[in-house]
Amino acid sequence: MRLIRSWNPLTPATAALMSAACCGELHAQEVLQEIAVVTDRARTGNASDGFQSTTQLNGADLQRTTAASLADLLATQPGVAASTFAPGASRPNIRGLDDYRVRVQENGIGSHDASDFSQDHQVPVDPLVADSVELIRGPATLRYGNQAIGGVVNATNNRIPQNLVPDHFSARLKGGTTSADHGIDGAASVDASGENIAIHADAFGRNAGDYRIPGGVQANTRLRSAGQSVGGSYIFDGGYVGTAIQHITSLYHIPGINEASQNTRISLEQTKVTSKGEWRAPVEGIDAVRFAFGISDYKHDELGLPADGVLNTISNKEIEGRFEIDHAAVATPLGALTGNWGLQASNRKLGTQGTLGGLLAPTNTDAVAGFVFEQLQLSETLRLQAAGRIESITVSGLAPVFPANFLPPPDSFSQSAAARDFAPKSFSVGLLKNLPWDMVASLSAQRAQRAPAAPELFSRGSDGASGTFVIGNPDLKLETAESLELGLKRITGPFRFEASLYATRYRDFIYKQVTGNFCTDAFASCGASGPLLQVAYGQRDTNFRGAELAAQYDIAPLGDGTFGIDGQFDVVRATFADGSNVPRIAPMRLGGGVWWRSAAWQTRIGLLHAFTQNDIALNETSTAGYNLLKVELSHTHIFTKTDSGLREMTFGVVGDNLLDERIRNHISFKKAEVLQPGLGVRLFTSLRF
């Protein structure tokens, strides 16, 4: 089990509380505010071993957020933005990459939805049921597939218990209310165990109206969702094996001028069964054996006028499995060698049907992969790490053929059955060096390949909810990314920081380009006007480069706590080989705050400034900068076991966008029509029994 020490400058957690609870006399200034235990042995080594930083949010961070999605939860972290297409539909954008380059998963199994297909589609993993949310970048993403080339967002919870419950029973209740959208949300979970059996059950719900913006209300932004889960595990000496079933329903509205007038909304339902287990040290030479499995059935209906009925139905059925082995340390002439080997296989059936002509005919994607991670301890202060992955992928569907200018005549396009085979190969290598002053320097190089996803190859129709007419390209090739990253971090002491510089060259980068044409629901209508923006998939060589910095300084003890400051900076620049700009790249940001925290109290005032984005692509427009001011205050009380059944109570208040800024998101296709929420206040509480 490895300790991942993660740090979030915009959401300082209670280091003093953690120190008191976990470390006795350890002073709050001597640790980062978050020390998360991750039972993920694929990243072997000690707390500073990763090629790149792993951002992690947990308990208090998740409770304070007003976000209804994982993307919005992470959107103020360095290097991360969110698509913010709708309050119910937002996907993470990591270092300028999104959709099929960013994998979202829960407990190591993919979210199995259609959110990568179109930005108006929801990720059916709600922050209300997450115990922690982890952002993984760099070589560690090779473990999860070529569609994670840009990063992985992993939400974890106890739906499949891994341990018996202390005192045989525990329960949590939490909830909150938000003023900007008159929203209310809540969740409850129960864990119990006896003998060798542990069980878990949870349920959540949220309801929100149209949110307020400066000067009015953003129409058609209502949201209602609910979910339930039950799971259980058999716990034995050295491991566990368990399974869970979960269900979620959601009804959310899509903002925009045309969408609001037609009452566009999406009704979603997913049922998912997962299983996983671990056996530690089963035989000599093997440290652990693990498996994970998931199968799901997802469907959503896109509803709206004129008939106010179902216009499109998108279905997604997935099966995914993974098997891994951690081998014991092997003595070599150069040092101890430790590592992880694994296999992964998946099947995905994705398609659409409806009165809008069918955005995507039924498709099938099969993938089988093997991966390996190894670390060589060259000396007490120097480590060499290497990782590799090879896959075999087959994508089949109906391949469309459109005129070169994407305009009629002819009034219809032709299509024929097609199957594409791909064999992406990826590898990485890196050095980590312990330096004086408890610093760690890292240098990593990576070459990763990604196969086109089925919608990138075979899309051929209107997506009314997103306001686009999408044209795929069945001739797309493998996308290859060659990356170099330099990092430096310090995770202990009164001054803590993490900095990185990175550059990535993409060969045959797959992107969605606005063509300048407009359409209605059929290709014959495409031309100079229409309610739908026409976009087409293509490939060009690109260059991404950027920098990220996060820092925190404990200025001095104050009362029974610590007073300090924090800061952050991030920038990403992306251009095609000819020097023109890649579309929808997030702006440069600079922020910081002042805070005071103790074992019981936490307060912070922070400001994040986004600069005007003038580095725009063809058919794009500039987006004005903004200032996001946020204030937080929370209190936690720990009860003794004799105080009835209540063990812990937290309550607090968060003020967001307190300057009531008119915020437009540059990476959103709807930025000209949709403002982000204005000034709002959240009240929240949680109880642990």
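1. Which backbone oxygen, at 3.4 Å, does the side chain of Asn316 reach? The backbone oxygen of Asp113 lies at that distance from the Asn316 side chain. The Asn316 side chain also reaches the backbone oxygen of His112, at 3.4 Å. These values come from a predicted model and should be read as such.

2. The setting of Asn316 can be described further. The residue belongs to strand β19, which covers residues 309-332. Asn316 has a relative accessibility of 0% and therefore counts as buried, the cut-off being under 20%. With neighbours within four places in sequence set aside, its contacts are His112, Asp113, Ser296, Asp297, Tyr298, Arg348, Lys349 and Leu350. His112 and Asp113 thus appear both in this contact list and as the residues whose backbone oxygens the side chain reaches.

3. The next points concern charged pairs. Over the whole structure, a search finds 40 salt bridges. One network of salt bridges links Arg103, Arg143, Glu278, Arg280, Arg290, Glu320, Arg322, Glu324 and Asp326.

4. Within that network, the pair Glu278 and Arg280 may be examined individually. These two residues form a salt bridge in which the closest N and O atoms are 3.0 Å apart. Glu278 is buried, because its relative accessible area is 7%. Arg280, by contrast, is partly exposed, with a relative accessible area of 32%.

5. Glu482 takes part in a salt bridge with Arg447 and in another with Arg505. In the pair with Arg447, the N to O distance is 3.9 Å. This pair links distant parts of the chain: Glu482 is in strand β28 (residues 479-490) and Arg447 is in strand β25 (residues 439-450), 35 residues apart. In the pair with Arg505, the closest N and O atoms are 2.6 Å apart. Arg505 lies in strand β29 (residues 495-519) and Glu482 in strand β28, so this salt bridge ties together parts that are 23 residues apart in sequence.

6. Accessibility may be stated for each member of these two pairs. Glu482 is partly exposed, at 23% relative accessibility. Arg447 is also partly exposed, with a relative accessible area of 30%. Arg505 counts as partly exposed at 39%.

7. Turning to the strands, an open sheet is formed by 5 strands in the order β3-β8-β9-β6-β7, with mixed pairing. Its edges are β3 (55-58) and β7 (109-110); each has a single partner strand, so one side of each is left without a neighbour in the sheet. Strand β6 (residues 102-106) runs antiparallel to β7, and 2 bridges join them. Opposite Gln105 stands Gly110 in β7.

8. Strand β32 pairs with β31 and with β33. Strand β31 (residues 561-576) and strand β32 (residues 589-597) are antiparallel and pair over 9 bridges. The bridge partner of Phe563 is Trp596 in β32. Strand β33 (residues 601-610) also runs antiparallel to β32, joined to it by 9 bridges. Across this pairing, Arg597 stands opposite Gln602 in β33. The strands β32 and β33 form a hairpin, with 3 residues between them.

9. A general remark may help in reading the two preceding points. Strands of a sheet pair through backbone hydrogen bonds, in either a parallel or an antiparallel sense. In a regular strand, side chains alternate between the two faces of the sheet.

Technical notes
Residues numbered from 1 in each chain as written. Predicted model: local features only at pLDDT ≥ 70, side-chain atom pairs only at ≥ 80, totals over all residues. Heavy atoms only, no water. Salt bridge = Lys/Arg side-chain N within 4 Å of Asp/Glu carboxyl O. Buried < 20%, exposed > 50% of the residue type's maximum accessible area, 1.4 Å probe, protein only. Helix = DSSP H or I, 4+ residues; strand = E, 2+ residues; numbered from the N terminus. Pairing = 2+ DSSP bridges. Polar contact = N/O pair within 3.5 Å; in protein donor to acceptor, adjacent residues only side chain to side chain. Contact = heavy atoms within 4.5 Å.
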